[in-house]
Amino acid sequence: MYKRAASLAVLLVAVASPVATAAPASTVYVHGADIAAAEQAVEAAGLRKLTSFRKIGVVAARGDSAQISSARTRAGVTRVEVQKPIRFLGSTSHTATRGLDARNSLGLTGAGVSVAVIDSGVDPTHPSFGGRIVRNLKSLCLDGSTQTNCIVPVPNFLDTDTTSLGGHGTHVTGIAIGGDVQTTGGPVIRGAAPGAKGVVISTGAAILILGADAALNWVLENHRAPCGAGVPASACPPIKVINNSYGPSGGGAFDPESVTVKLQRQLVAEGVVVVWANGNDGGDGSANLSNPPGVDPTPGVISVASYNDQETGTRDGAVSDFSSRGLATDAATWPDISAPGENIASSCRLHLPICATGLKPQNGPGLLDLGTFNTISGTSMAAPHIAGIVAQLFQAKPSATPADIERALKSTAHKYGTGYGPAGPYTSSFDKGTGLVDVVAAVNAL
């Protein structure tokens, strides 16, 4: 989730609701007792199949209200979800997290790990990446599509971040895995895990939640060998963490039976950490504004609040005003942890609209690298800090489970500010979670 200066904005709106008032030609998820039951129900009801999520027994399909009602009555169908459109609305940080400390003193760069980013896309030719985008994918999972394999590979040099609101994905990916780049007359700009590889799935500018869920499903089916069975892990390591910087405006109720949650729980069961931006709706604790899938209590699903290091690297800054708060009286809605998300410099191209909203454009080292970095704020920027840090932790302990990773992060977080109280085995808060991530302490806890 990205925050434009002086205003709030989310990347995607992705809210699923049970079938109640389905409009003609709606896109639905048919949940079955198994994939065969879901496929048989879709066919028997006359729905048009779009794609399948085999590991969780769900088929995405399209049809009118009568066909959807018919599907609900079929044997083996456990649930039907109607999907609403989703849309784009539009460095000292590694000192604050002690990530740079972990890199310099412990050699932790995220080597041996691939980080998946589901976002608007990426410019693989940006000087931040140096050929480390090992898989470049595009979601064609559009409303009304008849293509069942709708996540398609594109050349690794192709810029997929040139949509009407492009730039978000390149900025986010740079925060997670960008290499060190000396800007002209300015600072070195770097990512959290410059030794990790990137697998980026572009969802474009105007899609359905189907596109984002299909991207999660692609990772579920391919995380062990994201470049294919014939490519060695030394060149294309397994995906161990996914960054999701999108969600609904204003939060919403957590739905444990949604496709998104089923997918992320299966991903965690197979060893992949799932990271979510907590949202850019601010709040005062009187209502739950957290991004719904991020508050999943499953260990290994991590929601991230935005921390302001005041551009000094301080560890005693403040939670960002725009960072979404949970309901103060319900710890189940609180974010898990904080990471820097305010005034974050990362890879960007000024000709792209989101990059052009940044406040401090800077040039890269080459003659053609004019306006290749900019400074943007949002929980979209906080989440990839954690995704890159997770890669560092997996490098430190490859046998760690997603639950181990979350436990190490939350049990060692630095307590900045006030307002912490008991929340399960941790002390936490409705706005900051367990505190500011501390990479060195988390490594030691592993």
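Visitor: What makes a residue nonpolar, polar or charged in the lining of the largest pocket?

Guide: Residue type alone decides it: Ala, Val, Leu, Ile, Met, Phe, Trp, Tyr, Cys and Pro count as nonpolar, Asp, Glu, Lys and Arg as charged, and the others, Gly among them, as polar. On that basis the lining splits into 13 nonpolar, 9 polar and 5 charged residues. Nearest the centre lie Pro297, Ala331, Asp336, Glu406 and Lys410, out of 27 lining residues. By type, then, Asp336, Glu406 and Lys410 go down as charged, and Pro297 and Ala331 as nonpolar.

Visitor: And what sort of model is this?

Guide: A predicted one: local features need pLDDT of at least 70, side-chain atom pairs count only at pLDDT 80 or more, and totals for chains, interfaces and linings use all residues. Residues are numbered from 1 along each chain as its sequence is written, and side-chain values use heavy atoms, with hydrogens and water left out.

Visitor: Why is one space called a pocket and another a cavity?

Guide: It comes down to whether the probe can leave. On a 1 Å grid over the protein atoms alone, a cavity is a set of points where a 1.4 Å probe fits but cannot get out, while a pocket is an open set with protein on both sides within 12 Å along at least five of seven lines; lining residues have an atom within 4 Å of a point. The largest pocket holds about 470 Å³, and the largest cavity about 40 Å³. Those volumes are the space filled by probe spheres set on the points, which are joined across faces, edges and corners. Helix α10 gives the pocket lining its largest share, 4 residues; in the cavity, α4 gives the most, 3 residues. Helices here are DSSP runs (H or I, at least four residues), strands likewise (E, at least two), numbered from the N terminus.

Visitor: How do you know that Cys227 and Cys236 form a disulfide?

Guide: Their sulfur atoms sit 2.0 Å apart, and the rule asks for a pair of cysteine sulfur atoms within 2.5 Å, so the pair qualifies. The rule yields 1 disulfide in total. At 75 degrees about the S-S bond, the link is right-handed.

Visitor: What makes Cys236 buried and Asp316 exposed?

Guide: Relative accessible area: under 20% is buried, over 50% exposed, and in between partly exposed (1.4 Å probe, protein chains only). Cys236 comes in at 4%, so it's buried. Asp316 reaches 56%, so it's exposed. Asp316 still has contacts (heavy atoms within 4.5 Å): leaving aside neighbours within four places in sequence, it touches Tyr307, His414 and Tyr416.

Visitor: Why is Gln310 called partly exposed?

Guide: Its 48% falls between the two cut-offs, so it gets the middle label. Gln310 shares the loop between β16 and β17 with Asp316, and has a positive phi of about 60 degrees although it is not a glycine. Arg98, at 26%, is partly exposed too, with phi near 65 degrees.

Visitor: What makes the 55 residues a nonpolar core?

Guide: They are buried Ala, Val, Leu, Ile, Met, Phe, Trp, Tyr and Cys residues joined through side-chain atoms within 4.5 Å. Val115, Val304, Ile386 and Leu409 have the most contacts inside this largest core, and helix α9 (residues 379-396) supplies its largest share, 10 residues. A second, separate core has 36 residues, including Ile56 and Leu210.
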